[in-house]
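Thanks for coming. I have one structure to go through today, and I will take it piece by piece.

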Amino acid sequence: MTDEATIARERIDRLQSMAREAVREGRDDRAREYVRRARRIAERHRLRLPRAFERSICRSCDTFLVPGRNARVRTQSGHVVVTCECGSHARYPYD
């Protein structure tokens, strides 16, 4: 990995922790901006977001998802369904 990619990965990790902290404090708009910035950095450097981060954000509205607060998590046969409050669904296999 190049130095630029390493720096980008570190920034994405930092933005993930900042988004999680902002949601804890009730600052959802700030968390959404952190998520958008992290996605933009990943696109610019052609990197994938970490799996844990990718599965904790809504692809439609860029909200950092917190189960029970702004997301509903259900299990179905062989996969997990996460529903954001905006109405979008994401399905993931059991890990």
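**Four cysteines, a sheet and a helix**

Start at C84, which, leaving out residues up to four places away in sequence, touches C58, C61, L65 and N70. Before going further: this is a predicted model, and every value I quote is computed from it.

C84 sits in strand β2. Its relative accessibility is 6%, so C84 counts as buried. The cut-off for buried is under 20%.

Now C58, which lies in the loop between α3, residues 51-54, and β1. Is C58 buried or exposed? C58 has 2% relative accessibility, so it is buried. Beyond its neighbours within four places in sequence, C58 is in contact with R39, T63, L65, C84, C86 and S88.

Those cysteines also turn up in a record. An unreviewed UniProt entry lists C58, C61, C84 and C86 under "binding site". Why say that they gather at one spot? They span 29 residues in sequence, but no two of their C-alpha atoms are more than 8.8 Å apart, so one spot is a fair description. The entry does not come with more than that here, and I will leave it there.

Next, the strands. β1, residues 71-76, and β2, residues 79-84, run antiparallel and are joined by 6 bridges. One of the pairs is R72 with T83 in β2. The two strands form a hairpin with 2 residues between them, and in the turn G78 has a positive phi of about 85 degrees.

On to β3, residues 89-93. β2 and β3 pair in the antiparallel sense too, over 5 bridges. Here V82 has A90 in β3 as its bridge partner. That hairpin has 4 residues between its strands, and G87 in the turn has a positive phi of about 105 degrees. Which residues of β3 are on the covered face? A90 and Y92 are, while H89, R91 and P93 are on the uncovered one.

Now the helical part, beginning with α1. For its 22 residues, at 1.5 Å a residue, the expected span is 32 Å; the end C-alpha atoms are 32 Å apart, which agrees. The buried residues of α1 are A5, A8, I12, L15, Q16, A19, A22 and V23. Viewed down the helix axis, these buried residues fall within an arc of 130 degrees, so they line one face. The general background is that an α-helix has 3.6 residues a turn, so residues three or four places apart point the same way. On the other side of α1, D3, R14 and R24 are exposed. The buried residues of α1 pack against α2 and α3. Just after α1, G26 takes a positive phi of about 85 degrees.

That leads to the cores. The largest nonpolar core has 18 residues, and I12, F53 and F64 have the most contacts inside it. α1, residues 3-24, and α2, residues 28-44, are the elements that give two or more residues to this core. The largest share, 7 residues, comes from α1.

What does F64 touch? Not counting neighbours within four places in sequence, F64 is in contact with Q16, A19, R20, V23, A31, V35, F53, S56, I57 and N70. There is also a second, separate core of 9 residues, which includes C61, L65, A71 and V80. C61 brings us back to the start, since C61 and L65 are among the residues C84 touches.

That is what I have.

Notes
Residues are numbered from 1 along each chain as its sequence is written. This is a predicted model: local features need pLDDT of at least 70, side-chain atom pairs count only at pLDDT 80 or more; totals for chains, interfaces and linings use all residues. Side-chain values use heavy atoms; hydrogens and water are left out. Two strands pair if DSSP finds at least two bridges between them. UniProt positions are given in the numbering used here, feature names are shortened, and annotations may be inferred rather than shown by experiment. Buried means under 20% relative accessible area, exposed over 50%, partly exposed in between (1.4 Å probe, protein chains only). Contact means heavy atoms within 4.5 Å. A nonpolar core is a set of buried Ala, Val, Leu, Ile, Met, Phe, Trp, Tyr and Cys residues joined through side-chain atoms within 4.5 Å. The expected span of a helix is 1.5 Å times one less than its number of residues. The arc is that of the directions from the helix axis to the C-beta atoms.
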